[in-house]
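Here are some notes to read with the model open beside you. Take the points one at a time, and find each residue on the screen as you go.

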Amino acid sequence: MGTLLKYEFRRSRMIFLGIAAITVFVEILYLIGWCFGIEPLFAIGLMGGILCLCLGTATALLYGVVMFNDDISKKPGYLLFSTPRSAAQIVGAKLLMTLFALLGISILFFLLISLDVILFLKESGMTIVSLISLIDSSVTEAGLKDAVFNSYNLFGLCMYILSSIISFLFNVIIAYVVIVMLKTIMGQQKGRTILGIILWFVITNAISTFAGFISMWVAPDGMIESAVSFSSTQMIEEFLHILFHPALYLPTMLISLVCGVGGYLLTTWMIEKKLSV
């Protein structure tokens, strides 16, 4: 698996180094605009940083799918599946590489955000410790400390992040399933790409809609209405309770996980048993 990951990294490094370079360039524009009070550069850097995160995530997904399609469709790429490595290992390495790309882009973004926060605090004559103390005292004074900082909200936040990662991998795996299925059925016929995009869109949206209905079905009665007619403190507490309620993320996460594992097994089976070039 380590050899396969190195191979995938060598193939993908230029595109992701390009994303990182663009993100750093946008950050430099932001810092120049902030330091010298150049509002257009400040605005471009601010919006560009957010766009880099969104587009970088989309690029990680799209590039991983395109490279997989090339491996399935073209002779040089298909030779990879003729090696002693199993299809499960090869597809697993591609998924891991896509996941590492997503995590790398996210870490880079948050490191740059942290740099911006540190510079802002330094300019304001504050430190991170003093900022945390200020937030803690403000939240405590408003009576929100127990409502905001508790194990329920922390667990919910962690589950949201995990659910987002699983959902991302689920979308990649469904794309793999569609690519291999259409390659098996249609071979090299034209129109395979357009049909694949349509099928991917239909399948992912159908499963997401089904998961949404399950979430609504398992949600406690009156969960949304219960946030009305409270004081501001109670409303914030109730809002966070609703936001991190397991009914909002657990069904989607479990359905995406089951469908993702099933799609992974189906992909490897079709490659090993059905696919012909």
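1. Let's begin with burial across the protein. This is a predicted model, and 36% of its 277 residues count as buried. Keep that share in mind, because "buried" here means under 20% relative accessible area, while "exposed" means over 50%.

2. Next, the overall build. The protein has ten helices and zero strands. If you walk along the chain from the N terminus, the elements read α-α-α-α-α-α-α-α-α-α.

3. Now pick out helix α8. Its 27 residues reach 39 Å from the first C-alpha to the last, close to the 39 Å expected at 1.5 Å a residue. The buried residues in α8 are R192, G196, T204, I207, A211 and S215.

4. Helix α10 invites a similar check. How far should its 28 residues span at 1.5 Å a residue? The expected span is 40 Å, and the end C-alpha atoms of α10 (residues 246-273) are 39 Å apart, so the two values agree. Several residues of α10 are buried, among them A247, Y249, P251, G260, G263 and M270.

5. Stay in α10 and find T267, which lies in this helix. Is T267 buried or exposed? With a relative accessible area of 1%, T267 is buried, because that value falls under the 20% cut-off. T267 also has a partner from another part of the sequence: M181 is 86 residues away along the chain, yet the two C-alpha atoms are 8.0 Å apart.

6. For a contrast, look at L154, which has its place in helix α7. L154 has 53% relative accessibility and therefore counts as exposed, the cut-off being over 50%. The C-alpha atoms of L154 and F244 are separated by 8.7 Å, although these residues are 90 apart along the chain.

7. Aromatic rings come next, and there are three aromatic pairs by the rule used here. One of them joins F16 and Y63 edge-to-face, with 5.7 Å from centre to centre and 80° between the planes. Because F16 lies in helix α1 and Y63 in helix α2, this pair ties together parts that are 47 residues apart in sequence. F16 is buried, with a relative accessible area of 15%.

8. Another pair is made by F68 and Y176. Why does this pair count as stacked? The ring centres are 4.0 Å apart and the planes meet at 20°, which is under the 30 degrees that stacking requires, so the pair is stacked. F68 sits in helix α2 and Y176 in helix α7, so the pair links distant parts of the chain, 108 residues apart. Both rings belong to buried residues: F68 has 0% relative accessibility, and Y176 has 1%.

9. Those four aromatic residues meet us again when we look for enclosed space. The count is one cavity of 30 Å³ or more, and about 90 Å³ of space lies in the largest cavity. Its lining includes F16, Y63, F68 and Y176, together with residues such as E8, S12, K94 and T98. The elements that give two or more residues to this lining are α1 (2-36), α2 (39-73) and α4 (87-124). Which of the elements gives the largest share of the lining? That is α2, with five residues. By residue type, the lining divides into seven nonpolar, three polar and two charged.

10. The open side of the story is the largest pocket, with a volume of about 450 Å³. This pocket is lined by 18 residues, and V65, I179, T193, G196 and I197 lie nearest its centre. Two or more lining residues come from each of α2, α7 (151-186) and α8 (192-218). The lining of the pocket divides into ten nonpolar, six polar and two charged residues. You have already met G196, as one of the buried residues of α8.

11. Finally, the cysteines. How many disulfides are counted in this model? The count is zero. As for individual residues, C158 is partly exposed, with a relative accessible area of 44%. C259 also counts as partly exposed, at 26% relative accessibility.

Notes. Residues are numbered from 1 along each chain as its sequence is written. This is a predicted model: local features need pLDDT of at least 70, side-chain atom pairs count only at pLDDT 80 or more; totals for chains, interfaces and linings use all residues. Side-chain values use heavy atoms; hydrogens and water are left out. On a 1 Å grid over the protein atoms alone, a cavity is a set of points where a 1.4 Å probe fits but cannot get out, and a pocket is an open set with protein on both sides within 12 Å along at least five of seven lines; lining residues have an atom within 4 Å of a point. Grid points are joined across faces, edges and corners, and a volume is the space filled by probe spheres set on the points. Helices (H or I, at least four residues) and strands (E, at least two) are DSSP runs, numbered from the N terminus. Ala, Val, Leu, Ile, Met, Phe, Trp, Tyr, Cys and Pro count as nonpolar, Asp, Glu, Lys and Arg as charged, and the others, Gly among them, as polar. The expected span of a helix is 1.5 Å times one less than its number of residues. Buried means under 20% relative accessible area, exposed over 50%, partly exposed in between (1.4 Å probe, protein chains only). Rings of Phe, Tyr and Trp (its six-membered ring) pair if their centres lie within 6.5 Å; planes under 30 degrees apart count as stacked, over 60 as edge-to-face and the rest as tilted. A disulfide is a pair of cysteine sulfur atoms within 2.5 Å.
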